Amino acid sequence: MTSQPTVKTLLILGASGDLTGRLLLPGLARLVARGRAAGLRLVGAGSDPWTPEQWRERVHASFEAAAGSAGAGGKEALQSLEKETVYHQLDVTAEGALASLLDTPEGPTAVYFALPPRISQLACEALRPDQVPPGTRLVMEKPFGSSEDSARSLNQTLVRLVPEDHVHRVDHFLGKATVLNILGLRFANNFLEPVWDRHHVEKVEIIFDEDLALEGRARYYDGAGALRDMIQSHLLQIMALLAIEPPATIGERDLRDAISAVLRASSVPVSYADSTRRARYTAGQAAGKDVPDYAREEGVDAERGTETLAEIQVNIDNWRWNGVPFILRSGKALGVKRKEAVVTFRPVPHLPRGFTGVDSPNKLRIGFGPDTLRFDVDVNGPGNIFSLSRATLETELSGSDLLPYGEVLEGVLAGDPLLSVRGDTAEECWRIVEPVLHAWQQDSVPLEEYDAGSAGPAAWPTAVPGD
């Protein structure tokens, strides 16, 4: 994206929180250092009684990495942004507090809600439409709401304040390079699209296994769990991109219409004991660290039964995908970090007699972070040319020179909602997972256990890395 920003002021609510310091400001810094946020003004607001010096120290620390590799112009832009930034202490849910702040910056303004969903909802409810200046963009972090009803209620609140195309429900997991790599792979290769359907694909797995444990995030994570935190918020979007019909353009309307159509056709089979799995880690070693039992992690309420590993099967009931299971899995404290989509093709209908060796289904693997492409094929092996063996064709896909949050912010500043989740889509994602959450709350599906640093419960089909 090379368009010039339309937003003049970035207002971050929750500026003293972890998300802002760890992800949002470093993403902004890379964007600024590359000259892609010229003239932007940064304003922070939070509940902590920070002095202007404390806020500038946070900004400076978050900008350091980008400044170290920036050219002279980039360093100057970062220094200018640091020097001019201001911080306001306020309760964003108080009547008139956010409205008074919106009345002061140079507009148009993008308001980034780096806050828990409930606080974001209350902050928006405290605003009247006439208190929101024209051109204002509202940027919401996922998870968007906490249920289908709450997402719908928040949508109604937001569109009362600004037009839908001025709402950015950000999903940093969907970086621009990742989205375009998936679309380019699917729709720019004539050999691939004809076999991208139920006749040729046996199953699709989308896996995001982390080797990190809680890392101090118990306050948020113990109330969310793997299904809400990753599958509902991110992996359903990846699934939709892999499953969409060819759009006429990659403009935001055509692409998001196609994504919405897939999600409307999606559901988890109601035999939840068969179509879903959940587990949480016990003590072990992961990512080179000793990890305590999840139930004994600081800030965890063991009685909640929060899962740290979740897997669901999603069926897409349409012509292209009827009968093909889409298996979505994500978890923490696993032995192998694995972030990929695996498309397993059906076996050949007949292998001529005379071949020996292993004839296994072809697999296409799309890796996320770094973005890679691997295609497993059976070929004649060395030595005995009648014996089949497995070969892998591999390449690295084009990445972005921005951090994920930088890609998100670039879209916000330029007024491009391509990487944002549309309101109806956010509601559909909750509709898909809510019946599963209710079943788990009623203990209809057992909460299994796995050692931290293992591959997860051995009986799960996705437990073996590279399977």
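**Close-up views of a predicted model**

The buried residues of helix α6 pack against α5 (117-125), β5, β6 (167-169) and α13 (423-441). This and every view below come from a predicted model.

**View A. Helix α6 and its buried residues.** Seven names make up the list here: Glu148, Ala151, Leu154, Asn155, Thr157, Leu158 and Leu161 are the buried residues of α6. The helix itself has 14 residues, and its C-alpha trace spans 20 Å from first to last, close to the 20 Å expected at 1.5 Å a residue. If you want to see what those buried residues sit against, show α5, β5, β6 and α13 alongside the helix.

**View B. Strand β1 with β4 and β2 as its pairing partners.** How many of the residues of β1 are buried? Five of the five, so the strand (residues 9-13) is largely enclosed by the rest of the structure. Thr9, Leu11 and Leu13 point one way, while Leu10 and Ile12 point the other way. That fits the usual picture, as side chains in a regular strand alternate between the two faces of the sheet. Five bridges join β1 to β4, and the two run parallel; five bridges also join β1 to β2 (residues 41-46), again in parallel. Leucine 10 is a handy spot to look at both pairings: it stands opposite alanine 110 in β4, and its bridge partner in β2 is leucine 42. Between β1 and β2 the chain passes through helix α1 (residues 18-33), and this β-α-β crossover is right-handed.

**View C. Two cis peptide bonds that lead into prolines.** Going from glycine 107 to proline 108, the peptide bond is cis, with omega near -5°. Proline 108 sits in the loop between α4 (97-102) and β4 (109-113). The bond from lysine 142 to proline 143 is cis as well, with omega near 5°. Here the loop is the one between β5 (137-140) and α6 (148-161), where proline 143 is found. Both bonds stand out for a simple reason: most peptide bonds are trans.

**View D. Positive phi at glutamate 215 and alanine 333, neither of them a glycine.** Most residues other than glycine have a negative phi, so positive values are worth a close-up. Glutamate 215 has phi near 55° and belongs to the loop between β7 (201-209) and α8 (218-221). For alanine 333, phi is about 60°, and the loop in question runs between β13 (325-331) and β14 (338-345). Which of the two surroundings is which: buried or partly exposed? Glutamate 215 counts as partly exposed because its relative accessibility is 45%, whereas alanine 333 is buried, with a relative accessible area of 0%.

**View E. Aspartate 293 and its surroundings.** Aspartate 293 lies in the loop between β11 (289-291) and β12 (309-316). At 17% relative accessibility this residue counts as buried, because the cut-off for that label is under 20%. Leaving out residues up to four places away in sequence, aspartate 293 touches Tyr281, Thr282 and Ala283. A polar atom of the aspartate 293 side chain lies 2.9 Å from the backbone nitrogen of alanine 295. Also worth including is alanine 452: 159 residues separate it from aspartate 293 in sequence, while their C-alpha atoms are 8.0 Å apart in space.

Technical notes:
Residues are numbered from 1 along each chain as its sequence is written. This is a predicted model: local features need pLDDT of at least 70, side-chain atom pairs count only at pLDDT 80 or more; totals for chains, interfaces and linings use all residues. Side-chain values use heavy atoms; hydrogens and water are left out. Helices (H or I, at least four residues) and strands (E, at least two) are DSSP runs, numbered from the N terminus. Buried means under 20% relative accessible area, exposed over 50%, partly exposed in between (1.4 Å probe, protein chains only). The expected span of a helix is 1.5 Å times one less than its number of residues. Contact means heavy atoms within 4.5 Å. Two strands pair if DSSP finds at least two bridges between them. A crossover is right-handed if, with the strands pointing away from the viewer, the path from the first strand over the helix to the second runs clockwise. A polar contact is a pair of N or O atoms within 3.5 Å; within protein, one must be able to donate a hydrogen and the other to accept it, and residues adjacent in sequence count only if both atoms are side-chain atoms.
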